[in-house]
Amino acid sequence: MQELTSLTTLCASLCKCMGVEPPEHADKANDAFVNDITGGKLVDKVVMYNPDAVGTWIVNKFAEKFVPVRETAPYELKMRTVFPPKTPVCFASMYTGALPAVHGIQKYVKPVVKIDTIFDALLRQGKKPAIVASKNSSLNHIFREREMDYYVVAYDKEATEKGIELIKEGKYDFLVIYNQEYDDSIHFTHPKSWKAKRALDHYAENFKRIGEAVAATGERTLLGYGPDHGVHREWYLLGNHGKDIPKDMEISHFYRVYN
Ligand SMILES: [Zn+2]
């Protein structure tokens, strides 16, 4: 079986798409992905929609729920996330390109990441990043203390509205929009519950609307649907994540360059 590309390659890949020098500890870029998605022409902006906890097996199991996702961003990039597959651990690796032992978050804790991140790399090169996330989310905490804008919102709907508003205003070069309903749902139900499946639909609807906003700007923008880790169902029947198993570790991202 072919080994999956590590999530740690994404950070330098996103930088390469923008022509930005990657952060200090970032793993090397996935050049095949960069070339395929950009066709060798840099993008001016990146919008990353980060829906929490969508694993590759869920994308395959509920393929019909990913039709709008694939229509918005058809390029599927399969990767292996980092261990342990917990939200702050994975997002720290996604945006530093470094393994947990290097960025320092190795369990479910939300300290500010002290090593070089993509946000620092962007700022050094005069680019403007911003993060839109809910109050208690990992993404609202771990990349603080940078000279950038942080938008704190109530939940997914508000994150999506704020994200779309910021895309229309056009003042950011790298925008992160976080959604969490699927992860929240699986912890008090399970990965295939009615509530969880509805959350997947909400992710798809939100991503589609974000895609439409990006398309309407006319600016050359890389749009990504980028989850952090997958999920599985425990013997006690609730959903969970944190194990070194394919259901938790294998993730699918979706990308497209607009305009
Ligand atoms: Zn998560």
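Where does E145 lie in this predicted model? E145 sits in the loop between α8 (138-141) and β5 (149-153). The backbone here deserves a moment of attention, since phi of E145 is near 70°, a positive value in a residue other than glycine. Most residues other than glycine have a negative phi, and most peptide bonds are trans. E145 also counts as exposed, because 10 C-beta neighbours lie inside 10 Å and the cut-off for an exposed residue is 12 or fewer.

A positive phi, near 70°, is found for N259 as well, again in a residue other than glycine. N259 belongs to the segment after β10 (250-258). Its surroundings hold 13 other C-beta atoms within 10 Å, so N259 is partly exposed.

The peptide bonds offer a further feature to look for. F83 and P84 are joined by a cis peptide bond, with omega at about 0°. To find this bond in the structure, follow the chain to the loop between β3 (75-80) and α5 (87-96), where P84 lies.

Another proline, P111, is placed in the loop between α6 (100-103) and α7 (118-124). P111 has 12 other C-beta atoms within 10 Å and is therefore exposed. Leaving aside residues up to four places away in sequence, P111 touches I105 and I142. Between the C-alpha atoms of P111 and D201 there are 31 Å, and the two residues are 90 places apart along the chain.

The interior of the model comes next. In soluble globular proteins, nonpolar side chains tend to be buried together. Here the largest nonpolar core has 75 residues, and C11, V46 and V47 are those with the most contacts inside it. Helix α11 (residues 194-217) gives the most to this core, contributing nine residues. For a closer view, V47 is a good place to start: beyond residues up to four places away in sequence, V47 touches I167, L175, I210, V214, T221 and L223.

Helix α11 also packs against other helices, and one of these is α10 (residues 181-188). The axes of α10 and α11 come within 8 Å and cross at roughly 175°. That angle makes α10 roughly antiparallel to α11, because angles over 145 degrees count as such. On the α10 side the contact is made by E181, Y182, S185 and I186, while α11 brings K195, A196, A199, L200, H202 and Y203. Sorted by class, this contact of α10 with α11 has six nonpolar, two polar and two charged residues.

Within α10, the buried residues are E181, Y182, D183, S185 and I186. These buried residues of α10 pack against several elements: β2 (45-51), α5, α9, β6 (174-179), α11 and β9 (239-240).

A second helix that meets α11 is α9 (residues 156-169). Their axes come within 9 Å and cross at roughly 10°, so α9 and α11 are roughly parallel to each other. From α9, the residues in contact are D156, T160, G163, I164, I167 and K168, and from α11 they are H202, N206, R209, I210, A213, V214 and T217. By class, the contact of α9 with α11 divides into five nonpolar, five polar and three charged residues. An α-helix has 3.6 residues a turn, so residues three or four places apart point the same way.

T217 in helix α11 can be followed a little further. T217 touches I167 and G170, not counting residues up to four places away in sequence. With 17 other C-beta atoms within 10 Å, T217 is partly exposed, because this count falls between the limits of 12 or fewer for exposed and 20 or more for buried. T217 and P68 are 149 residues apart in sequence, and their C-alpha atoms are 20 Å apart in space.

The last helix pair to consider is α1 (residues 10-18) and α2 (residues 31-38). These helices pack at an angle of about 40°, with their axes 9 Å apart. The crossing of α1 past α2 is right-handed. S13, K16 and C17 of α1 meet F33, V34, I37 and T38 of α2. By class, the residues of this contact of α1 with α2 are four nonpolar, two polar and one charged.

Methods
Residues are numbered from 1 along each chain as its sequence is written. This is a predicted model: local features need pLDDT of at least 70, side-chain atom pairs count only at pLDDT 80 or more; totals for chains, interfaces and linings use all residues. A nonpolar core is a set of buried Ala, Val, Leu, Ile, Met, Phe, Trp, Tyr and Cys residues joined through C-beta atoms within 7 Å. Helices (H or I, at least four residues) and strands (E, at least two) are DSSP runs, numbered from the N terminus. Two residues are in contact if their C-beta atoms, placed from the backbone, lie within 7 Å. Axes are lines fitted to C-alpha atoms, for helices over the stretch in contact, and angles run from 0 to 180 degrees between N-to-C directions. Angles under 35 degrees count as roughly parallel, over 145 as roughly antiparallel, 65 to 115 as roughly perpendicular and the rest as oblique. Ala, Val, Leu, Ile, Met, Phe, Trp, Tyr, Cys and Pro count as nonpolar, Asp, Glu, Lys and Arg as charged, and the others, Gly among them, as polar. A crossing is left-handed if the near helix is turned anticlockwise from the far one by less than a right angle, and right-handed if clockwise.
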